[in-house]
Every structure is written in structure tokens, then in C-alpha cells.
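Here is my note on the model you sent, set out as numbered points. Please read it with the structure open beside you.

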Amino acid sequence: MFGILIFNGDRPDIALEDGTLYGGLHCGDCFRYYADGWLHVRLEYNEDEWVLVCHENSIPIKYGAQVNL
């Protein structure tokens, strides 16, 4: 299932291709994130911001990016 990563209130969420919302992402949620290719990522909260972790490296979230569950 594909969607777009958005910020919805106090946490990231996914706007799915059928127009519904995933329902809010939580720490530890895993999905594929498109950034010059598909990356397998895990969502974490680091200090005061949400980040994606890929191969133990933190990468900043770019809202509006395509994701795949």
C-alpha cells in the first residue's frame, strides 16, 4: 500500500492512496521511504524531533515523500 508521509498534529502519519489516513505512526514503526530510491526505515523520536533510522543512521524526515507499507 502506497501513500505520502505527512505531519498530522503531533506525529507523522501516512495519507494513503485511497484518501484515508493510516492513523498515526509510532516509534518503532517500519516502512519503506522513497529518497532517491527505496529505503527500509524505522521511525524514532530523537530528542525533540521525529527521525527515520536506516542501517542505524538517522535521516531527517522529508514530509511529502512517498512511502510503502
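1. Glu56 is exposed, since its relative accessible area comes to 65%, and exposed here stands for a value over 50%. In this predicted model, Glu56 sits in the loop between β5 and β6 (57–60). Its backbone deserves a look as well, for Glu56 has a positive phi of about 65 degrees although it is not a glycine.

2. Glu47 should be read in the same careful way, beginning with its place in the loop that lies between β4 and β5. The phi of Glu47 is near 60 degrees, which is a positive value in a residue other than glycine. With a relative accessible area of 72%, Glu47 is exposed.

3. What secondary structure does the chain hold, counted in helices and strands? There are zero helices and seven strands, and from the N terminus on the order of elements is accordingly written β-β-β-β-β-β-β. The radius of gyration of the chain is 11 Å, close to the 11 Å given by the globule rule for 69 residues, so the chain is as compact as a globular protein of that length. Along its principal axes, the C-alpha trace spans about 30 × 25 × 15 Å.

4. Turning to the interior, 32% of the 69 residues of the chain count as buried. The largest nonpolar core has 14 residues, and those that touch the most other members are Leu5, Phe31, Tyr33, Leu43 and Leu52. At least two residues of this core are supplied by each of β2 (11–16), β3 (30–34), β4 (38–46) and β5 (49–54), with the largest share, three residues, coming from β5.

5. Which residues does Leu52 contact once its neighbours within four places in sequence are left aside? Leu52 is in contact with Phe31, Tyr33, Val41, Arg42, Leu43, Asn57, Ser58, Ile59 and Ile61. Among these partners, Phe31, Tyr33 and Leu43 are also named with Leu52 as residues that touch the most other members of the core.

6. For the chain as a whole, among contacts with a separation of 6 or more, 37% are accounted for by residues 24 or more positions apart.

7. On the outside, the chain exposes about 4,400 Å², and carbon and sulfur atoms supply 49% of that area. The side chains comprise 4 positive and 11 negative ones, and the centres of these two sets lie 5 Å apart.

Methods: Residues are numbered from 1 along each chain as its sequence is written. This is a predicted model: local features need pLDDT of at least 70, side-chain atom pairs count only at pLDDT 80 or more; totals for chains, interfaces and linings use all residues. Side-chain values use heavy atoms; hydrogens and water are left out. Helices (H or I, at least four residues) and strands (E, at least two) are DSSP runs, numbered from the N terminus. The radius of gyration is taken over C-alpha atoms; the globule rule is 2.2 Å times the number of residues to the power 0.38. Buried means under 20% relative accessible area, exposed over 50%, partly exposed in between (1.4 Å probe, protein chains only). Contact means heavy atoms within 4.5 Å. Accessible areas come from the Shrake-Rupley method with a 1.4 Å probe; for residues, only the protein chains shown count as cover. Lys and Arg count as positive and Asp and Glu as negative; His and the chain ends are not counted. The place of a charge is taken as NZ of Lys, CZ of Arg, CG of Asp or CD of Glu. A nonpolar core is a set of buried Ala, Val, Leu, Ile, Met, Phe, Trp, Tyr and Cys residues joined through side-chain atoms within 4.5 Å.
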